[in-house]
Every structure is written in structure tokens, then in C-alpha cells.
Amino acid sequence: MTGKSFSNPLGNFISSEPVEAPDVQFVVEKQKPSTETSEPVQAGKIGFQYSNEKKEIKSKRIQLVLTPSMYQKLKHRAKAEKASVNDFICQLLDKVL
């Protein structure tokens, strides 16, 4: 009686020969963050100043209940300011407080 063969079935598909990586170099240019908005503040806009100077991490969560129409207005206003709804609310609260 012959013994069972416990060879690796993936060995049929994976070669053991080393593969050489192609010589490719990527150049990444870093841009300086701008602390000023590129658009002038229009009437009705809040005019947020986005900067990377704040090092505080957003770690607190709250639950906020809104009407569907109020949420839609908030969503459209955040889009007009080119910000997420969360970031828009944070910037708005930061200005008010």
C-alpha cells in the first residue's frame, strides 16, 4: 500500500522562480496647503478658512435629528461651500462657539 501525497496543490500554479520588478520611478510633487480660499466670499456664504494648523483629532460623536427638508438644505449648502456635511457642521459650530 502506498502512502498519501500531501503536496501543495497551489504548487501547480505558483512558480518558485524569482520575478524581477521593472525599473519604474514615481515622482510625487508636494503642494503647499493654502490657508486662503480661492474664491471671494459671496453674499450668503460663510467663507470658511480651511487650514492644517489644527492638530486636534475628531473623536467625539453625537447623534443629530433633523427634518428631511432641513437635511437637504444643509446638504446643498455644504456642497456650495465645497465641504462635506460633517465638515460644514464642524466649521459652522466652530465659528458660532
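In this predicted model, the cover over the buried residues of H2 includes helix H1. The buried residues in question are Asp87, Phe88 and Gln91. Around the axis of H2 they occupy an arc of only 100°, which places them on the same side of the helix. An α-helix has 3.6 residues a turn, so residues three or four places apart point the same way. Cys90, also located in H2, has a relative accessible area of 31% and is therefore classed as partly exposed, since the buried class is limited to values under 20%.

The secondary structure of the protein consists of 2 helices and 0 strands. H1 comprises residues 68-80. Its 13 residues reach 18 Å from the first C-alpha to the last, close to the 18 Å expected at 1.5 Å a residue. H2 comprises residues 85-96. For its 12 residues a span of 16 Å is expected at 1.5 Å a residue, and the end C-alpha atoms of H2 are 16 Å apart, in agreement with that value.

The loop between H1 and H2 contains Lys82. This residue has a positive phi of about 60° although it is not a glycine, and its position is just after H1. Lys82 has a relative accessibility of 65% and so counts as exposed, the threshold for that class being over 50%.

The whole structure holds 2 salt bridges. One of them joins the side chains of Lys58 and Asp87, with an N to O distance of 3.6 Å. This pair links distant parts of the chain, as Lys58 belongs to the segment before H1 and Asp87 to H2, with their positions 29 residues apart in sequence. The two partners differ in exposure class: Lys58, at 57% relative accessibility, counts as exposed, whereas Asp87 is among the buried residues of H2. The segment before H1 can also be related to H2 through Cys90: the C-alpha atoms of Cys90 and Lys58 are 9.6 Å apart in space, at a sequence separation of 32 residues.

In the other salt bridge, the side chains of Arg77 and Glu81 meet at 4.0 Å, N to O. Arg77 has 31% relative accessibility and is therefore partly exposed. Glu81, by contrast, has 12% relative accessibility and so counts as buried.

A nonpolar patch on the surface is formed by Ile62, Leu64, Leu66, Met70 and Tyr71, which together contribute about 510 Å² of accessible area. Of these residues, Met70 is located in helix H1. The relative accessibility of Met70 is 45%, so this residue counts as partly exposed.

Over the protein as a whole, the accessible surface amounts to about 10200 Å², and carbon and sulfur atoms account for 56% of that area. Of the 97 residues, 9% are buried. Among contacts with a separation of 6 or more, 55% are made by residues 24 or more positions apart. The salt bridge between Lys58 and Asp87 connects residues at a separation in that range, namely 29 residues.

Note on methods:
Residues numbered from 1 in each chain as written. Predicted model: local features only at pLDDT ≥ 70, side-chain atom pairs only at ≥ 80, totals over all residues. Heavy atoms only, no water. Patch = residues over 30% accessible without salt bridge, like charges linked within 9 Å, V, L, I, M, F, W, Y side chains within 5 Å. Areas by Shrake-Rupley, 256 points an atom, 1.4 Å probe, with all protein chains shown as cover. Helix = DSSP H or I, 4+ residues; strand = E, 2+ residues; numbered from the N terminus. Buried < 20%, exposed > 50% of the residue type's maximum accessible area, 1.4 Å probe, protein only. Expected span 1.5 Å × (residues − 1). Arc of directions from axis to C-beta. Contact = heavy atoms within 4.5 Å.
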